[in-house]
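Subject: Structure handover

Hello,

Here is the structure for you to look over. My notes follow below it.

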Amino acid sequence: MCRSFSNTVLRILRKHLNLGKRFSLHVGCNDTLPPRFTCAKLKRMNLSSTFPRRGIVEGFFGPPWSMTHRAAMFEVGAARGMNTYLYAPKDDPYHREKWDRPYPREKWREMLRLIRAAQKHKIDFVYGFHPGKGLRFSDEQPVRRLLAKAERFYDAGVRTFAVLFDDIPSRLAHAEDRKIFRGSLARAEGAWLAKILEHQPVRWSDTEWWICPSYYTDDPLLARVFGRFEVNFLEKMAEHLPPSVACCWTGPKVVCKKITLADARRVARRIKHRLILWDNYPVNDLSMSAEMHLGPLTGRDAGLPAHIYGYLNNPLLQESLSFIPLATCFDYASDPIGYDAEKSWERVIRERLGVAALPHWRAIRNFCERFDRQKDQTRGLPVGRAQRFPYAAAFCYLAKHHHEPWAKELLPWMDLLEKSLTKAKR
């Protein structure tokens, strides 16, 4: 094993095998490793230092981002290693309710400009279809309509497509489907992707397909919202899914505080397909709409690239504020081993808002994090003596910059901050 490889090996062994800092490797091309660290074992560890695909999945519920903001995010993201963007906003009717219909002329022109903006920054634009609810899996027509719509994107240079079955009922809706697929939604979803690949044009040999199964996490929340899922859903789906199709997964929960290498290894063994980690941080849609996630990405194992092909973050609904946490996500995805959450966060604040703003943003972030943990999100927070000055200074800072887009996006939290400070004076 060559010396240029040894430093990477050492960092990963220390981090993931609980070896102390005193452990060292001195490996030449003819040297041998201790028995438990043979070359075969190191190969099995798959010592990837980063994810092949890194970027954003715009997959939230709520007003989709503007085309202008998406283009700006491409520029910022590309500078930090972003190379993939999955277009999947739940409130775009042509992504979901009208998934099989072509975009109207003006909407298509906007889409073309977005695709070109991604291509300009060498970002792979991935178009997502969401056909799930009410789909007749046994009908041939939906596949034909999907491919007809996809052909327009293919001609525009798009080479990666995703079929998303997330957030739909856990059981097949039609009697014919229940008969053909033996009552299994998992079989139906895997077989539907196989049918797409079987019927796509021969010239599309350079395309890549992804799937997001309805059962995309072991979180019990899915069953509570969408009904009880069949046992071994992922294994059944994988049996019918073409080997080339990558599969989306959100981690052990819908929204994860922590995702470990063991978590990724377990699901990789079940699915046996390339994994796309759809990370629901820093998104704040639906039940999280009163929350503001401004802090850096934390709790993501540096070894995840060993089992994860793509790492995509679902962003904040607030366009201007989203730059802050997403920049830290990009930094992690580009260099999981070297990632330092706080240094990454301070860097983006300095770059976008200036070094003098750092104390104010620390206070704003602290307030938002405390507020997110509070059960009653209609009242102000208790403010101690140590917090009064930084919170008051942050409030004045926000008031001074009230004309800025990010300050306007923070108005609901600014009102809560004012309420908290007023309460503290009494």
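Start with the largest nonpolar core, in a model that is predicted. It has 96 residues, and Met111, Phe125, Phe153, Trp192 and Trp209 touch the most other members. (A nonpolar core is a set of buried Ala, Val, Leu, Ile, Met, Phe, Trp, Tyr and Cys residues joined through side-chain atoms within 4.5 Å; buried means under 20% relative accessible area, with a 1.4 Å probe and protein chains only.) Helix H4 (residues 105-120) gives this core its largest share, seven residues. Helices are DSSP runs of H or I, at least four residues, numbered from the N terminus.

Phe125 has contacts (heavy atoms within 4.5 Å) beyond its neighbours within four places in sequence, including Tyr85, Tyr87, Met111 and Phe153. Another core lies apart, with 32 residues, among them Ile349, Ala363, Trp413 and Leu421.

Next, a helix pair. H13 (residues 358-373) and H14 (residues 385-400) pack at about 105°, axes 8 Å apart. Axes are lines fitted to C-alpha atoms over the stretch in contact; angles run from 0 to 180 degrees between N-to-C directions. H13 and H14 are therefore roughly perpendicular (65 to 115 degrees). Among the contact residues are Trp361 and Phe367 of H13, and Tyr391 and Leu398 of H14.

Confidence: the chain averages a pLDDT (the predictor's confidence in each residue, 0 to 100) of 90, and 88% of residues score at least 70. Residues 1-6 fall below 50. So do residues 12-47. Where pLDDT is low, do not read the predicted coordinates in detail.

Conventions: numbering runs from 1 along each chain as its sequence is written, and side-chain values use heavy atoms, without hydrogens or water. Local features need pLDDT of at least 70 and side-chain atom pairs 80 or more, while totals for chains, interfaces and linings use all residues.

Best wishes

Notes. Helices (H or I, at least four residues) and strands (E, at least two) are DSSP runs, numbered from the N terminus. Angles under 35 degrees count as roughly parallel, over 145 as roughly antiparallel, 65 to 115 as roughly perpendicular and the rest as oblique. Buried means under 20% relative accessible area, exposed over 50%, partly exposed in between (1.4 Å probe, protein chains only).
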